[in-house]
Amino acid sequence: GSTVGPIVDSLHNQCLLDYDLLPISLSIPSENIDDVVTPFFCSSWTVPPLLGVAYMVLGGILPRIFQSLLNNNNNNVDVRQQEQQISTAATTEKGSSKKSSSANELRSRALLAVATTTLIIKLSDLLQTSDFSIDSTTKIFILMIAALSQWAWLDGTIVALLVASITSIGGPLSELPFVANHVWHYIPSAADYLPLKDVSLLGLNQLLGDNYQQIALSSITGPCYFAVTMDAIAIGRWLDCDNEKEEEDAAS
């Protein structure tokens with residue numbers, strides 16, 4: 001999350017936001033001093049630790065919480081059977097070889113999840129910078145179709161769908177304190193979502209400032225959060241399986 005995450009995030013953040021705190025900008029120098037050089041990577045030193053924590057929460061903590069809640073709400077019917085379809089390799093071998101095969105399959109799923117998330121993030125960039133006039137609703141619809149296809153192809157579990165769906169709503173809202181405190185801000189062409197415009201709650205002005213109702217986000221980030229959650233979960237399953245294999249090998 002703290003290494004690959006900022007690289008993937010940078011694929012679309014140049015058309016969405018500017019970093020105000022500890023910005024990072026990498027570009028290839030031009031021989032002509034008058035040329036306007038577009039950076040190939042833009043981020044902030046605040047992003048790696050934030051994404052590191054986010055991936056631990058999205059890929060490890062929330063799936064376990066939702067799994068536990070689903071188990072308790074289904075009359076002790078273990079819905080983890082559906083999860084185990086993801087974690088069990090299609091093999092008839094037994095013992096450690098089966099565990100190794102399962103870990104390899106989960107690693108492949110994790111790599112595919114990262115790759116498809118990268119494509120979805122890039123798609124959001126193309127939609128945002130397209131010369132065609134595409135309204136925000138259409139952009140969100142296209143990206144959600146892509147994100148749901150990713151879920152159906154690589155996962156298909158209820159737990160992952162619930163976690164990713166909630167994150168697609170809560171993820172953008174979690175940015176409010178960072179935008180309010182000038183860590184980053186969305187550029188005018190992308191800032192089309194004012195979640196607190198009609199909200200008046202005691203204490204919000206102390207947390208987000210007196211102009212909290214005018215804090216603008218980008219609606220296009222919702223489906224991107226969905227996709228990021230999918231690869232966080234896939235990576236979490238892979239690492240869990242590797243840890244279990246190492247523990248079994250140590251015990252034997």
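Visitor: How many residues does helix 5 have, and what span is expected of it?

Guide: Helix 5 covers residues 136-154, 19 in number, and 27 Å is expected at 1.5 Å a residue. The expected span is defined as 1.5 Å times one less than the number of residues. From first to last C-alpha, helix 5 reaches 27 Å, close to that expectation. The model is a predicted one, in which local features need pLDDT of at least 70 and side-chain atom pairs count only at pLDDT 80 or more, while totals for chains, interfaces and linings use all residues. Residues are numbered from 1 along each chain as its sequence is written, and side-chain values use heavy atoms, with hydrogens and water left out.

Visitor: What makes a run of residues a helix or a strand?

Guide: Both are DSSP runs, numbered from the N terminus: H or I over at least four residues for a helix, E over at least two for a strand. By that rule the chain has nine helices and four strands. From the N terminus their order is α-β-β-β-α-α-α-α-α-α-β-α-α.

Visitor: Which residues of helix 5 are buried, and why are they said to lie on the same side?

Guide: The buried residues in helix 5 are K139, L143, A147, Q150, W151 and L154. They are placed on the same side because they cover an arc of only 100 degrees around the axis, the arc being that of the directions from the helix axis to the C-beta atoms. An α-helix has 3.6 residues a turn, so residues three or four places apart point the same way. The face turned away from the buried side carries the exposed residues T137, F141, A152 and W153.

Visitor: Why is D125 called buried rather than exposed?

Guide: Buried means under 20% relative accessible area, exposed over 50%, and partly exposed in between, with a 1.4 Å probe and protein chains only. D125 has 11% relative accessibility, so it counts as buried. D125 belongs to helix 4, residues 96-129. Neighbours within four places in sequence aside, D125 is in contact with L11, H12 and C15, where contact means heavy atoms within 4.5 Å.

Visitor: What is the relative accessible area of C224, and which residues does C224 touch?

Guide: C224 has a value of 3%, and is therefore buried. This residue is in helix 9, residues 221-251. Not counting residues up to four places away in sequence, C224 touches H12, I121 and S124. The C-alpha atoms of C224 and M144 are separated by 8.4 Å, with their positions 80 residues apart along the chain.

Visitor: Is L22 buried, partly exposed or exposed, and what about H182?

Guide: L22 is partly exposed, because its relative accessible area is 46%. H182, at 57%, is therefore exposed. L22 lies in the loop between strand 1 (17-19) and strand 2 (23-26), and H182 in the loop between helix 7 (176-180) and strand 4 (184-186). Neither is a glycine, yet phi is positive in L22, at about 50 degrees, and in H182, at about 60 degrees.

Visitor: What makes V57 partly exposed, and where is V57 found?

Guide: The relative accessible area of V57 is 31%, so it is partly exposed. V57 is found in helix 2, residues 47-72.

Visitor: How much of the chain is buried?

Guide: Of the 252 residues in the chain, 38% are buried.
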